[in-house]
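Visitor: I am new to reading protein structures. Could you walk me through one, feature by feature?

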Amino acid sequence: MKKLLVTTLALLASSPALADSWIYGGVSVGSSEYEEQNSISHSFFVGTGIMPWVGLEGGYSDFGKFDLGGGKVWGESVYGAIKPNLNFGPLQLYAKLGVNSWVLEGDDDTTIADDDGLDPMWSVGADYTFLGPIALGVEYSNYSFGDKDVRSVNLTATIYMF
């Protein structure tokens, strides 16, 4: 019993150091909003901590399907961002600022034209690291799609490695 307690405390104590790991990856799921329509969104991301307070991250986001123009329209994005962060023990506060390459496509019934582009994106969020390399958090993101924005609020799960 004593060994289990010591191991658990060691994992919890090491959690803040893992947030500055060389490589991390994760997933997120939540809600996205485009032109006052809501959908379920999900993302996959990987990153690296190039310094203790800043990293680089890339990822893929699927914003789901929206009922627009008499049919279904869906949007997705691939992004790259710089990610400054502040760590307060196991709590990490962060921001992301980068670019996203997006695609907006509709089915045959919609009057919305297919479109794509390269525009800015930004996010703010917080993660709480526990039980070693695992962090759970929440993130708000804004992706520009031309002159319109896709906004999302997601729950995140991150694994810090190395």
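**Reading cavities, cores and rings**

Guide: Happy to. Let us begin with a list of residues around an enclosed space: the second largest cavity is lined by Ser28, Ser43, Phe45, Ser61, Tyr79, Lys96, Met121, Ser123, Glu139, Ser141, Tyr143 and Asn154. Keep in mind that this is a predicted model.

Visitor: How does one find a space like that?

Guide: Rolling a probe the size of a water molecule over the atoms shows where empty space is left. Here, a search of the whole structure gives 3 cavities of 30 Å³ or more.

Visitor: What volume does the second largest cavity have?

Guide: About 60 Å³.

Visitor: Which strand gives the most to its lining?

Guide: That is β7, with 3 residues. At least two residues each come from β2 (37–51), β6 (115–130) and β7 (134–145). You can also sort the lining by class: 4 residues are nonpolar, 6 are polar and 2 are charged.

Visitor: Now the core. Which residues touch the most other members of the largest nonpolar core?

Guide: A core is read through its contacts. This one has 17 residues, and those touching the most other members are Tyr34, Phe63, Tyr79, Leu104, Tyr143, Phe145 and Val150. Look at where the core comes from: β1 (23–34), β3 (54–68), β4 (71–88), β5 (91–106), β7 and β8 (148–161) each supply at least two of its residues. Two names may sound familiar, since Tyr79 and Tyr143 also line the second largest cavity.

Visitor: What does Phe145 touch?

Guide: Leaving aside residues up to four places away in sequence, Phe145 touches Phe63, Gly75, Glu76, Asn100, Trp102, Val103, Leu104, Asp119 and Val150.

Visitor: Several of those have rings. How many aromatic pairs does the structure hold?

Guide: It holds 9. To read a pair, check the distance between ring centres and the angle between the planes. Phe63 and Tyr143 have centres 4.9 Å apart and planes at 65°, an edge-to-face pair. This pair links distant parts of the chain, with Phe63 in strand β3 and Tyr143 in strand β7, 80 residues apart.

Visitor: Why is Phe63 called buried?

Guide: Buried means under 20% relative accessible area. Phe63 has a relative accessible area of 1%, so it is buried. Tyr143 also counts as buried, because its relative accessibility is 3%.

Visitor: Why is the pair of Phe63 and Phe145 edge-to-face?

Guide: Planes over 60 degrees apart count as edge-to-face. The planes of Phe63 and Phe145 are at 75°, with ring centres 5.7 Å apart, so this pair is edge-to-face. Phe63 in strand β3 and Phe145 in strand β7 are 82 residues apart, so the pair links distant parts of the chain. Both residues are buried. Both also belong to one aromatic cluster, formed by Tyr34, Phe63, Phe66, Tyr79, Trp102, Tyr143 and Phe145.

Visitor: Let us try two other places. Is Asp108 buried or exposed?

Guide: Exposed means over 50%. Asp108 counts as exposed because its relative accessibility is 81%. You will find Asp108 in the loop between β5 and β6. From C-alpha to C-alpha, Asp108 is 9.6 Å from Gly70, and the two are 38 residues apart in sequence.

Visitor: And which residues does Gly137 touch?

Guide: Gly137 sits in strand β7 and counts as buried, at 16% relative accessibility. Apart from residues up to four places away in sequence, Gly137 touches Ala126, Asp127, Asn154, Leu155 and Thr156. Take Asn154: its C-alpha atom is 8.4 Å from that of Gly137, and the two lie 17 residues apart along the chain.

Terms used. Residues numbered from 1 in each chain as written. Predicted model: local features only at pLDDT ≥ 70, side-chain atom pairs only at ≥ 80, totals over all residues. Heavy atoms only, no water. 1 Å grid on protein atoms, 1.4 Å probe; cavity = no way out; pocket = protein on both sides within 12 Å on 5 of 7 lines; lining within 4 Å. Points joined across faces, edges and corners; volume = space filled by probe spheres on them. Helix = DSSP H or I, 4+ residues; strand = E, 2+ residues; numbered from the N terminus. Nonpolar A, V, L, I, M, F, W, Y, C, P; charged D, E, K, R; others polar. Core = buried A, V, L, I, M, F, W, Y, C linked by side-chain atoms within 4.5 Å. Buried < 20%, exposed > 50% of the residue type's maximum accessible area, 1.4 Å probe, protein only. Contact = heavy atoms within 4.5 Å. Phe/Tyr/Trp six-rings, centres within 6.5 Å; stacked < 30°, edge-to-face > 60°.
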